[in-house]
Structure formats: structure tokens, C-alpha cells
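Trainee: Got a minute to walk me through this one? I'd like to go through it piece by piece.

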Amino acid sequence: MLNAHITGWGMAVPERVMTNDDLSEFIETNDAWIRERTGIRERRVARETDFTSTLAVDASMRALKKANVRPTDLDLIICSTSTPEYLFPATACLIQDQLGATKAGAFDLLAACSGFIYALNMGAQAIRSGSVKTVLVIGSETLSRFVNWKDRNTCILFGDGAGAFILQADERPGGVLSAVMHSDGSGGDLLKLPSGGSRRPISETTYQDGEHYIQMDGREVFRFATRVMASATQEALTAAGLTVQDVRWIVPHQANVRIIEAAARGLKLPMDRFIVNLDRYGNTSTASIPIAMVEAAEAGKIQPGDKVVMVGFGAGLTWGALAAEWTGPLPSKGAARPERYRQLGRIRSWARRLIRFIEGLIYRREL
Ligand code: UT7
């Protein structure tokens, strides 16, 4: 049987740091409140030149390098995001082009902050079915572009960033072991971006009413999150035939340290079994779990053979958990040098546009 192994990982965050003190210069808040109620100290905010796709590409390049895989080896790219660059084309296609991943299918997946778990599960299922061998799974967000910087209920929470995993097919045991995915659309109003979709296209009215900004009922989302984090973790463990004692790390969605503490109480685990880095990045939505995993792996906290559970919740409402055994790079011949493919990819992309333009001229003359 083919298993889906996590063989490469990478992350990218914008350089610009926004501290709680920076926020308190333009909204009525303070560092003590934010730290006490959320655990967040600072977050990263995209510069004008950072986009959901460019952060994703930087994270993906690092993941490809780690796995020693070429962009042209990728069969599939799944980009989980709630902040796509456009409604269409999919941000995954922009990433495919920038990487020079000429063989890959590419699509976006939207399950908000649970998205990376959904995407990793979909990538693993595609590998298990035998239809693909190598998948790039990304969580990438530029939430700062949709945050109302005058709304202290939301703007203090969110940050920008991206994380990426390479999944590879291999017959040895390990990799993604189980996953559970849940949703409850009756709670859709609790966390939403009301305008910009087909129901409420952006108009003067939606703009004046601030419907192009994230809106959230924080208390209700908090209550929902504390209810589902421990139960989803247990479900994924049971599905994998594991107990909580078999697992080295729980990697939760990084929304609020109090939600993670509630999950720890629910699972009767000490906090030192949870990976927490929200103090430095805030809530990066679907990117938060891969960013936390990448930092932990790079710090040597997660080692090959370790069992981990990733667990998340978010808008939709959605929630889910995924159990995995960490693998690390598979043995491979030679250096893949993904950077070279990225440079060639740029030339290729430009050449394809030129050919399309010339073909268009010829076609027009023939008509
Ligand atoms: O990925 C999923 C995304 N969403 C979440 O995970 C959000 C989950 N919810 C939360 O994390 C929390 O509900 C918040 C951090 C959003 C809010 O914390 P809370 O402890 O639930 O605060 P609250 O909304 O109950 O507000 C308590 C007080 C209020 O004052 P009064 O009415 O008691 O006088 C707020 O006006 O704190 C006030 N407050 C603030 N004060 C300073 C609310 N926001 C702020 C702020 N700075 N930024």
C-alpha cells in the first residue's frame, strides 16, 4: 500500500513586524490586554510586494529543497487559503507558474483556518489512490489586506505568512495516518468576509458598510473552538489506532493561547506537549499549523518517527484533525536544485505568453 510521507517543509513570513505597542498607537488597545487575552506579542504584516502566492512560493521553495524534489516532479499543488489573490484564477495556478511546476495540476481549497488539515488529507488521499506521487500542500494568507485596522476585536489577532509541505508516495509505513474533517454551516455568520463574492459583489453600499473586512463574533468562535479541539484530536487518534500517549506533539491552530490551554485540559495533557508560536505570528489562519510545524522541525523538536496530531478550527464553521508520523527527506540521487527551475519557470512563463500573443495575431488574420 502507498503511504503519503511528509518529506519536505518550509515557511515564509513577511519581514515587517507589528508589535502590540505598534497597534496601540492607532487603536484603543494595549500590550497587556492582548498578551493576557490571546498570548500574542507581535505579528507579521505583508509589504506592498508580498502576496499570497509569493509567500507561498518562498515557503514551497524551501520545502522542495528540504525534500530534494524538483518543481517538475510535482503532480499536484493544493493551496489552502482564505485570502486568494483573485476569486479566479486559483492562487495555486499562480504558484504553479512561479515555481515552474510544468506537470502539476493546481487548485485552491477554502476551509478557513482548518484548511491545511483538509488540504493535507486531500493530498494524502490522492497519493493513496495511486493517481499521483508527489504533492505540494500549502497554507498561505495575507489576512492583513482584509482586516479592518479600526476594529480592535479582529485586527489584533491576525497575521500573514505561509507554510508548505511536500508529500511523497512510499510503501514504507508512516506519513499521514488518519484525518477527520467536520463542518457546521449554521455557524457561518460567526466569522465571515461578507462582500466580494457572488451573493454581495462589492458596491458603494457594501464598501461604505465595511463589508469587505473580516467580521467576527469572537466570544462565540472561542466557545466553539474550546468545544471541538480536544474531541477532534481524540477522533483522529482513534482513527489511527493511537492513544494520546503515543503522540509526541500536538500542533494546534494558533488562534489564542487560552483555546490551546482548554484543549490541553480536555486531553489531560501538559502544555509542554503543544507547539505554540502564536506569540510571534498571531493567527495566520490556514498557515498557522504548517508554520508551527516547520519551526518545530527546524528546531529539532519534531524528529523522524515522531507521531504528531495537527488540529484546527475556523470559519465555516470547520474543524478537523490529522495524525501523522514524521518522515523527513527520502533518499534521492543528486541535488534537485529547485531554484534553477524557478528561474527557468520565469522564462518559460514569459515565452508562453509571447507565443500565445503571436498565435492570437495569426489566428486573427486567418479569420
Ligand atoms: O481562527 C479563528 C479565528 N478566531 C478566533 O480564534 C477568535 C476566538 N476568540 C477570541 O480569541 C477572543 O474571543 C477574543 C480575543 C477575540 C476576545 O477576547 P475575550 O476575552 O473574549 O474578550 P471580549 O470580547 O469578551 O471582551 C472583553 C472586554 C470588553 O470590554 P467590556 O465590554 O468588558 O468593558 C471588550 O470591549 O475587552 C474589551 N476588548 C479589548 N480591550 C482592549 C476587546 N478587544 C479589546 C482589545 N483591547 N483589543
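**Chat about the model**

Mentor: Sure, and keep in mind that this is a predicted model. Let's begin with helix α7, whose buried residues are V221, F224, A225, V228, M229, A230, A232, T233, A236, L237 and A240.

Trainee: Why do residues three or four places apart point the same way in an α-helix?

Mentor: An α-helix has 3.6 residues a turn, so positions three or four apart point the same way.

Trainee: Okay, and how far apart are the end C-alpha atoms of α7?

Mentor: They are 32 Å apart. Helix α7 covers residues 218-240, and at 1.5 Å a residue its 23 residues should span 33 Å, so the two values agree.

Trainee: Where is the kink in α7 centred?

Mentor: On V228, with a kink of about 30 degrees. V228 is also one of the buried residues of the helix.

Trainee: What comes just after α7?

Mentor: G241, which has a positive phi of about 70 degrees.

Trainee: Switching to the ligand, how many residues surround it?

Mentor: There are 20, and the closest are T29, R152, G218, F222 and A255. Two elements, α2 (31-38) and α7, each give two or more residues to that shell.

Trainee: Which one gives the most?

Mentor: That's α7, with five residues.

Trainee: And what's the shell like by class?

Mentor: It has nine nonpolar, eight polar and three charged residues.

Trainee: New topic: what is the strand order in the open sheet?

Mentor: The order is β8-β13-β12-β11, four strands with mixed pairing. β8 (175-183) and β11 (249-252) are the edge strands; each has a single partner, so one side of each has no neighbour in the sheet. Ignoring direction, neighbouring strands here are turned by 15 degrees against each other on average.

Trainee: Do tell me about β8 and β13: in what sense do they pair, and over how many bridges?

Mentor: Strand β13 (residues 318-325) pairs with β8 in the antiparallel sense, over eight bridges. As an example, A321 in β13 is the bridge partner of V180.

Trainee: Last one, helix α4. How many of its residues are buried?

Mentor: Seven of the nine, so to speak of it as mostly covered is fair; α4 runs over residues 91-99. The buried ones are T91, A92, L94, I95, Q96, Q98 and L99.

Trainee: What follows α4?

Mentor: G100 follows α4, and its phi is positive, near 75 degrees.

Terms used
Residues numbered from 1 in each chain as written. Predicted model: local features only at pLDDT ≥ 70, side-chain atom pairs only at ≥ 80, totals over all residues. Expected span 1.5 Å × (residues − 1). Bend = angle between axes of the 7 residues up to and from the residue. Buried ≥ 20, exposed ≤ 12 C-beta atoms within 10 Å, placed from the backbone. Near = placed C-beta within 6 Å. Nonpolar A, V, L, I, M, F, W, Y, C, P; charged D, E, K, R; others polar. Pairing = 2+ DSSP bridges. Axes fitted to C-alpha atoms, helices over the stretch in contact; angles between N-to-C directions.
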